[in-house]
Amino acid sequence: MNRRDAIISLLASTGAVLAPGRIVHAQASFPNHPIRIVVPVSPGGGVDTFARLIAAKIKTQRDVQFFVENRTGGNSTIGGLDVQRAAPDGYTMLFHASTHNVARLVMRNVPYDPAADFTPIALAGHAPLVHIVSNDRREKTLAELVAAAKTNPDKWSFATAQLGAPGHLAAVAFNQYNGLNLPIIVYRGTAPAANDVVGGHVPMMIEAILALLPMVRAGSVRAIAVTGTKRSPLAPEIPTMAEVGLPALNFGAWWAMWGPPDMPDDLVQTINGWVNESVKELAAEGRLAALGIEPSSETPAAFARFIAEDLDRSAKLLKAANFHPE
């Protein structure tokens with residue numbers, strides 16, 4: 001046996017193989033050290049909370065060490081860029097909301113293509129949005145609200161938490177479906193936007209039900225309807241948009257996991273299975289219902305199709321609204 005063959009034999013016996021320019025550990029040993037989940041938003045929000053629930057559950061189910069790292073900034077692109085540049089070895093993941101998918105549609109300068117430059121791994125969950133209106137508005141129904149906005153459009157506008165957020169796209173769709181062109185005021189987060197609706201400074205807002213329901217329950221704002229095809233278990237008394245006459249407004253929030261580009265399929269399938277099983281158990285325990293999240297369980301291929309369809313729908317919507325990236 002020559003020296004080269006001896007080295008290859010030694011590497012094979014230790015679980016590694018020789019590749020051009022580097023040594024790559026065999027995936028049979030995966031994982032042999034902690035996996036990092038990059039969350040590109042601040043701690044404590046819905047994305048961060050969901051990511052930490054999944055990480056903790058996978059650790060319990062599989063004895064796999066996950067840790068969540070918050071990398072904020074650049075409208076969530078700092079964390080995204082970290083993952084996009086990482087090695088496709090399964091040890092760096094991105095967990096984010098649907099805003100990741102539409103970043104290049106709403107931002108002029110995005111350092112990557114959110115769809116093409118990442119590997120779709122798992123769609124973890126989704127949730128409806130709720131349309132709220134300030135208490136200083138006397139309109140009680142969607143029909144009354146639309147009629148008032150058409151009569152006095154200068155007195156109506158939307159608040160939204162972030163460009164490209166589900167609530168932003170839903171507000172764009174609301175305008176389009178009702179023949180309106182009401183301003184959409186972009187805030188830096190859900191809390192300041194919702195507070196201005198509570199204070200009557202902005203008439204209305206559409207956002208994730210979990211974020212706005214406490215204000216509805218407290219009587220600080222009124223709920224018009226939830227988006228989606230069925231009523232939310234969190235608030236079954238609130239009708240759907242279909243029930244109040246606007247079935248096309250079927251938008252929702254969703255959360256998912258991506259990897260760096262060119263991840264091997266076996267790693268993708270493995271992590272997809274971990275996420276799906278963790279979400280299934282979290283749902284059975286009632287942990288997701290408490291957050292207003294409905295579990296999802298898709299194959300990587302199905303998730304990739306979902307991404308493409310979501311992106312296509314959003315692009316057509318924004319184009320029809322003559323929206324220009326900022």
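User: Let's start with empty space. How many cavities of 30 Å³ or more does a search of the whole structure find?

Analyst: The general idea goes like this: rolling a probe the size of a water molecule over the atoms shows where empty space is left. Here, in what is a predicted model, the search turns up one cavity of 30 Å³ or more. The largest cavity holds about 90 Å³ of space. It has 13 lining residues, and N75, S76, T99, H100 and A103 are the closest to its centre.

User: And what classes of residue line the largest cavity?

Analyst: Six nonpolar, seven polar and no charged residues.

User: OK, on to pockets. What volume does the largest pocket have, and which residues are closest to its centre?

Analyst: A pocket is open, whereas a cavity is a space the probe cannot get out of. The largest pocket in this model comes to about 1000 Å³. Its lining counts 42 residues, with V41, V47, A161, Q162 and T190 the closest to the centre.

User: Which helices and strands supply that lining?

Analyst: Look at α2 (46-62), β5 (92-97), α7 (190-198), β9, α8 (209-217) and β11 (252-259): each gives at least two residues to the lining of the largest pocket. The largest share, four residues, is from α8. By class, you'll find 23 nonpolar, 17 polar and two charged residues in that lining.

User: What about the second largest pocket: which residues lie nearest its centre?

Analyst: H126, N250, F251, G252 and A253, out of 28 lining residues. This pocket has a volume of about 510 Å³. At least two lining residues apiece come from β6, α6 (166-177), β11 and α10 (300-320). The class split for the second largest pocket is eleven nonpolar, eleven polar and six charged.

User: Now the packed parts. Which residues touch the most other members of the largest nonpolar core?

Analyst: Again, the general idea comes before the case. In soluble globular proteins, nonpolar side chains tend to be buried together. In this model the largest nonpolar core has 84 residues, and F50, I54, F95, F174, W255, I271 and V275 touch the most other members. Another core, of 18 residues, lies apart from it, and includes A193, V197, L213 and V216.

User: Pick F174, then. What does F174 touch?

Analyst: Skip residues up to four places away in sequence, and F174 touches H131, L142, L145, V146, F158, L180, M204, L246 and L249.

User: M204 sits in a strand, I gather. Is strand β9 enclosed or open?

Analyst: To read that, count the buried residues, with buried meaning under 20% relative accessible area. Five of the five residues of β9 (residues 204-208) are buried, so this strand is largely enclosed by the rest of the structure.

User: Which strands does β9 pair with?

Analyst: For pairing, check the partner strand and the direction. β6 and β9 run antiparallel, joined by five bridges, and V130 stands opposite E207 there. With β7 (residues 158-160), β9 pairs in the parallel sense over two bridges; F158 has M204 as its bridge partner.

User: V130 again! Where does V226 come in?

Analyst: On β10, where V226 stands opposite V130. β6 (residues 119-134) pairs with β10 in the antiparallel sense over five bridges. Strand β10 (residues 221-226) has five of its six residues buried.

User: Last one: is N178 buried or exposed?

Analyst: N178 is buried, because its relative accessible area is 12%. It lies in the loop between α6 and β8 (184-186). Leaving aside neighbours within four places in sequence, N178 contacts V146, K150 and L246.

Definitions and conventions
Residues numbered from 1 in each chain as written. Predicted model: local features only at pLDDT ≥ 70, side-chain atom pairs only at ≥ 80, totals over all residues. Heavy atoms only, no water. Core = buried A, V, L, I, M, F, W, Y, C linked by side-chain atoms within 4.5 Å. Buried < 20%, exposed > 50% of the residue type's maximum accessible area, 1.4 Å probe, protein only. Contact = heavy atoms within 4.5 Å. Pairing = 2+ DSSP bridges. 1 Å grid on protein atoms, 1.4 Å probe; cavity = no way out; pocket = protein on both sides within 12 Å on 5 of 7 lines; lining within 4 Å. Points joined across faces, edges and corners; volume = space filled by probe spheres on them. Nonpolar A, V, L, I, M, F, W, Y, C, P; charged D, E, K, R; others polar.
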